[in-house]
Each structure stands twice: as structure tokens, then as C-alpha cells.
Amino acid sequence: MSQRILERGQIETLASRSIPRVRVPERSQVFAQRSARLRTLAQGSPIADYLRFCAVLAETQHAALGDFAATPPTAAQLALAHEHRMPPLAATSWARAPQWREALSAICAAVLAQTEFPAEVTRLAARVRAASGDALEAQADALLGVRDGAVDVASAPFVMAALQVNWTALSSGFAAGDVQPLDVPGVCPLCGSLPVASLVRAQRPYQGYRYLHCTLCACEWHMVRVQCSQCGADGKDIAYHSLTDAAAGEANGDAAVRAESCSRCRSYRKILYHEKDPALEPVADDLASLALDLLLAEEGYERASGNPLLWTAEQG
Ligand SMILES: [Zn+2]
Ligand SMILES: [Zn+2]
């Protein structure tokens, strides 16, 4: 009987071939699932009003995405991006479709139509809707890092929500197998943005694998578990924190939402476990678990990157 022994590198190569590397968002579901999850999480939450506001954004994003006509990259653009190992829909250089401002206007109108929001939110929506095209394009550039400029933190969630519609219209048109990996594992292979959080999926063929979720285009890409998504450290540098574990006084590892921290770069991102709760959604559950951010801040860790619907002065 002959036995073939594989070297460690060969085993890893074989394993990585069988793991689906990328999940592109499902156009008909991504924002619908997010809004439903936000509505659920708002019940009993100390930040219920904010989650309901974000649910209205997501509902309107869903409607705006329905008839958003995005022009995909040409074969030549794709080949050039591939050749230079650059993301083909780079947030900092892709020409936005002017229609993104129509999505923004619809988002403002939806917020204005609500009667439950505080007056300051309504005033903000009116201000964004009345802003000039040039001012909105400048804000979009500042948010996406196209050029330096002051981010208007208050209006950022509105603008970001509309930009997400633009980029999700593009990313959802890709076949997962056509997305080329980049040399930098911590950025989105389609648009080059940072992930909002990561998610361990429970359904085949993704079962047990961890995916980073793009803050802008909702693309997800595989990263091995127990590895820092910011600096690549692994092993003993990685620790897990959760509110339930903290309350129990021990790491029982039972929480559906945890923070994965890194002692090398002192940063963290949240990691969600679908096997604990299949309804978990990265943007919504990251927002709703704000108390976990406070816990990590107390322990001296910094968020590796922000939530697209919650901007702070530091990000600006
Ligand atoms: Zn992306
Ligand atoms: Zn790190």
C-alpha cells in the first residue's frame, strides 16, 4: 500500500482551493435583510431610535438599489486592475454614477416622511436634500478618501448610505469566481475599502469559514480565523471579548457577537457567528453592539475601522 504524504504548504494550498474565497452581495436581499435586522435589534435597545433611523436608511437603500443602473467595468478596466493587482471598483478612483445623488435624495425624503424622529434628524435630512451637487460630491470624496476635506460627521450616514447603493449595484453584478484576490488581505478585493466586521458563516458551502464584510460594497472575502484582520498577527496575539462573557466573569465563548482583539496592533473588529444566530447582519449587529465597543475602549483597544452608518469626529 502506498501512502502519499503532503507537505504542510501543499495541504494549505489544497485547503484554500476548496474554500469559496468571495461572496458577492445578493442585490435583492442585502439591504432588506439589514433593515429587518435593525428593526429587530431596535426592540429593547438603549439606542433604539438610532437603529430605527438606520432601518429607514436601509429600507430606502433597498428600494433605490432596485432600479439603480450601474455601468460595470469594461473588460479592459478589469484586465488593467488585475494586472496591477488593484481592486476593479476602487472607492478612491471609480467614477460614481450621478444617480447616487438621486438615491441620496430618496433617502432624505424617506427620513423626512417619518414622524417619529427628533426634529434635529428632520432638519439634517432637509439640509442634505437642499445641498448643492458640488457640495455633495465633495462630501462623498472626503468620505471615500478621494481627497482631503472635512467630513461632515452629522450628514455622513446619509451620504454613505447612498454611496453604498452605488457600489452594491456594481459589486452584486460580479460573479464570485471572477473576483481576483489582492495582496493585502485586509481590504475588499472589489472596492479596496476596509471591512466593518467579520462573520463566521454556518451554511454550505461557506460553513465554518470566516468572511470580512466590506463597509462600502457589501462584498465578503475569506480570511482564516484567529488572525488579526488589521495587521495579520495570529496565535497568542488574538483574544476574544463579549458582553455575556464579561457578565459571566469568564470566557464562555457562547456569545453570537464578539470582538476579536490583537495585542500586537491594539485594535479589534467584531466577529459574528451565524451558528449562534443565523439572523446576524454585519452592519446592523455592529451598530447594535455599541456597548461592546465601550468595553474594548476601557481595555485600551481601538476599533480597526468604523461603521458606515455611525461616524465619529476621529474618523473625519
Ligand atoms: Zn467593497
Ligand atoms: Zn493586529
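Four donors count as tetrahedral if all angles lie between 85 and 135 degrees, donors being N, O and S atoms within 2.8 Å of the metal (3.2 Å for Na, K and Ca), with water not among the atoms, so sites may look incomplete. The model shown is predicted: local features need pLDDT of at least 70, side-chain atom pairs count only at pLDDT 80 or more, and totals for chains, interfaces and linings use all residues. Residues are numbered from 1 along each chain as its sequence is written, chains are lettered from A and ligands numbered from 1 in the order in which they are written, and side-chain values use heavy atoms, without hydrogens and water.

**View 1. Coordination of the zinc ion (ligand 2) by Cys228, Cys231, Cys262 and Cys265.** The SG atoms of these residues coordinate the ion at 2.3 Å. The arrangement is tetrahedral because the four donor atoms subtend angles of 106 to 114 degrees.

**View 2. Chain context of Cys228 and Cys262.** The donors of the zinc ion (ligand 2) have the spacing C-x2-C-x30-C-x2-C along the chain. Cys228 lies in the loop between strand 4 (220-222) and strand 5 (238-241), and Cys262, 34 residues apart from it, in strand 6 (residues 257-262); strands are DSSP runs (E, at least two residues), numbered from the N terminus. Cys228 is buried, with a relative accessible area of 6%, and Cys262 is buried at 1% (buried: under 20% relative accessible area, 1.4 Å probe, protein chains only).

**View 3. Cys219 and Cys188.** Their sulfur atoms are 4.3 Å apart, too far for a bond, as a disulfide is a pair of cysteine sulfur atoms within 2.5 Å. Cys219 is buried at 0% relative accessibility.

Technical notes
Four donors count as tetrahedral if all angles lie between 85 and 135 degrees; four count as square planar and six as octahedral if opposite donors are over 155 degrees apart and all others between 65 and 115; anything else is irregular. Helices (H or I, at least four residues) and strands (E, at least two) are DSSP runs, numbered from the N terminus. Buried means under 20% relative accessible area, exposed over 50%, partly exposed in between (1.4 Å probe, protein chains only).
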